[in-house]
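Here's a quick tour of the fold you have on screen. We'll begin in the middle of the sheet and work outwards, then look at how far to trust the picture.

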Amino acid sequence: MRNPIFTSFALLLFVSCAESVKDGTVEKVDTVSYNIINERNESDGQAFVKSCVSKLYKGLADSPQGFFFDNDSGIGGLSERGDEMASKLGLPSEEDLVSALLGNGESSPSVKGALDVFNFKIVQYTYKTVDQRNDPVILSSVLAVPYEHWYSSDIGSPTSIVIDCHSTITSNDEAPTSADPNSFLLAANGSLVVCPDYLGLGCSEDFDQLYLCSGIGARQVLDAVRAAVKLLRKEYNVELDENYYTQVTGYGQGGAMALAVAREIENMRPEDEEQFDFRLRNTVCGGAPVDLRNTACWYLDMQYPINPSLVPLALKGLISGNEDLFRDLKYEVFFTDDYLSSGIDDLLSYPKSLDIDQIDCLIDEKIETYGLRGIVSGELYDEYEKYRNGEPEGRLLSPLLTALDRNTLFCDGWIPSNPILLYHVKNDDVVPFFNFEYAVSKLTDYGCDFKCSTRDINAGGFGLNHKSAEYVFSIMLASGLESDWFDE
């Protein structure tokens with residue numbers, strides 16, 4: 001749904017032409033714009049770092065796979081369990097990571113170097129970009145940048161840019177501009193961390209999310225970074241270090257987005273590169289859905305996914321982002337009357353007030369038929385069963401599979417030229433492990449520079465699942481271990 005006032009605001013701010021002609025000479029016009037909506041100083045960086053790190057370790061211990069310990073092991077609270085799990089994965093303890101990030105004492109051998117920058121400036125801002133129709137739109141983002149020293153009021157010149165692509169979110173309270181992302185810890189080593197809200201979140205929450213449409217999202221994410229660099233320069237007189245580089249990170253949906261962002265940077269036109277050179281160093285992603293057709297089939301075959309709400313979320317995104325494929329179809333034909341009349345679908349549109357677990361609970365409570373059969377229309381299932389038997393794709397399935405193929409990575413001729421680091425656990429219950437195998441196969445065939453990790457605690461039994469592995473991924477990044485941790 002489009003808010004007419006919001007759209008008018010976007011049109012007023014948007015400059016559609018990147019060039020102007022003056023005296024017969026073509027001149028470049030800076031079309032990057034931003035508007036600061038909130039800024040704050042984390043002057044007590046120690047408390048901030050401790051709080052962020054504590055959430056990671058407690059989240060790991062309290063996640064669905066945090067119960068694998070023997071009750072008689074003597075391990076007590078969440079912090080102790082988080083430390084024990086981290087140790088089994090070759091990660092530092094909570095105390096060691098905090099000490100390293102704050103530069104207190106000697107750093108742990110499992111953390112790359114002690115750091116002495118830990119006071120942050122955090123800025124929420126809006127920026128202009130374009131949507132899937134190439135229409136102007138205003139989106140929101142947040143950045144974190146460290147002060148030069150804990151005792152200084154001067155912002156240091158960022159030594160690198162970290163573009164952090166967030167994972168699946170359905171509640172606006174979880175959006176990066178509403179909740180400090182774990183990636184802010186990466187600013188402790190002198191980086192500018194930029195974490196944009198995707199379209200449909202933050203200031204654009206009255207739009208449907210373009211879920212799985214990472215190509216469109218990648219262009220918007222890069223516009224957020226351009227705006228962040230300009231904001232620092234214009235508002236705080238801060239320039240990037242002359243040797244800066246860019247790292248892209250993301251988990252789950254964010255992992256796919258991170259790869260799409262890397263592709264967008266590497267495929268950038270010379271004139272865009274002249275405007276801003278990202279200097280991509282590597283891409284670090286975990287649990288990324290990259291084989292979308294087979295992942296969709298996996299969900300339909302399984303029928304009882306752990307997050308059934310991902311199906312309507314994906315359909316909303318694919319239909320919004322691929323209107324040419326679905327112009328003769330109404331969104332409602334993909335779903336049961338029971339689901340459509342429950343009011344649950346509206347919660348994925350506006351207002352976005354519930355997280356994915358809360359929406360899944362409502363599905364279990366309100367939908368009479370359990371599983372996807374209670375959500376997905378019988379017509380789509382009938383077409384899918386025929387497709388599995390070798391018959392032609394039907395009127396619903398054909399555009400859906402085409403949209404998934406259109407947004408599948410590594411199938412459009414892109415051969416990554418910068419290193420890629422992939423993490424995925426074998427017991428992933430949201431993004432099945434064959435996505436990792438697909439990516440490894442493609443990167444191997446292309447002869448790309450990449451490393452992999454499937455580090456787990458007990459891969460043959462109750463190993464990490466998708467949610468718990470995200471905490472592991474975040475702790476690994478905060479520890480600065482990506483060069484050593486990906487050792488397979």
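Strand S6 is covered on both faces: Ser-160, Val-162 and Asp-164 are buried on one side, and Ile-161, Ile-163 and Cys-165 are buried on the other. That makes six buried residues out of six for S6. "Buried" here stands for under 20% relative accessible area, "exposed" for over 50%, and "partly exposed" for whatever falls in between, with a 1.4 Å probe and protein chains only. Helices (H or I, at least four residues) and strands (E, at least two) are DSSP runs, numbered from the N terminus.

This is a predicted model, in which local features need pLDDT of at least 70 and side-chain atom pairs count only at pLDDT 80 or more, while totals for chains, interfaces and linings use all residues. Residues are numbered from 1 along each chain as its sequence is written, and side-chain values use heavy atoms, with hydrogens and water left out.

So what does S6 pair with? Strand S7 (residues 191-196) runs parallel to S6 (residues 160-165), and four bridges join them. S8 runs parallel to S6 too, with five bridges. Two strands count as paired if DSSP finds at least two bridges between them. Here are some of the residue partners:

| Residue in S6 | Partner | Partner strand |
|---|---|---|
| Val-162 | Val-193 | S7 |
| Ile-163 | Val-194 | S7 |
| Val-162 | Gln-247 | S8 |

Zooming out, S6 belongs to an open, mixed sheet of nine strands, ordered S3-S4-S5-S7-S6-S8-S9-S10-S11. Its edges are S3 (34-42) and S11 (450-453), each of which pairs on one side only. From one strand to the next, the twist averages 20°. In general, strands of a sheet pair through backbone hydrogen bonds, either parallel or antiparallel.

Helices lie across this sheet as well. Helix H5 (residues 214-236) lies across S3, S4 (120-130), S5 (136-146), S6 and S7, at about 125° to S4. Helix H16 (residues 466-478) lies across S8 (246-251), S9 (280-286) and S10 (420-423), at about 160° to S8. Those angles run from 0 to 180 degrees between N-to-C directions, with axes fitted as lines to C-alpha atoms, for helices over the stretch in contact. Contact means heavy atoms within 4.5 Å.

Now for a loop residue. Is Ser-377 buried or exposed? Ser-377 sits in the loop between helix H12 (356-366) and helix H13 (378-388), and is buried because its relative accessible area is 9%. Leaving aside neighbours within four places in sequence, Ser-377 touches Val-333, Phe-334, Phe-335, Thr-336 and Leu-396. A polar atom of the Ser-377 side chain lies 3.0 Å from the backbone oxygen of Val-333.

Across the whole protein chain there are 17 helices and 11 strands, and 55% of the 488 residues are buried.

How far can you trust it? The chain's mean pLDDT is 87, with 85% of residues at 70 or more; pLDDT is the predictor's confidence in each residue, from 0 to 100. Over residues 1-27 the pLDDT is below 50, though that stretch has 45 contacts in the model beyond near neighbours in sequence. Residues 104-117 also stay under 50, with 37 contacts beyond four places in sequence. Where pLDDT is low, the predicted coordinates should not be read in detail.

Key: A polar contact is a pair of N or O atoms within 3.5 Å; within protein, one must be able to donate a hydrogen and the other to accept it, and residues adjacent in sequence count only if both atoms are side-chain atoms.
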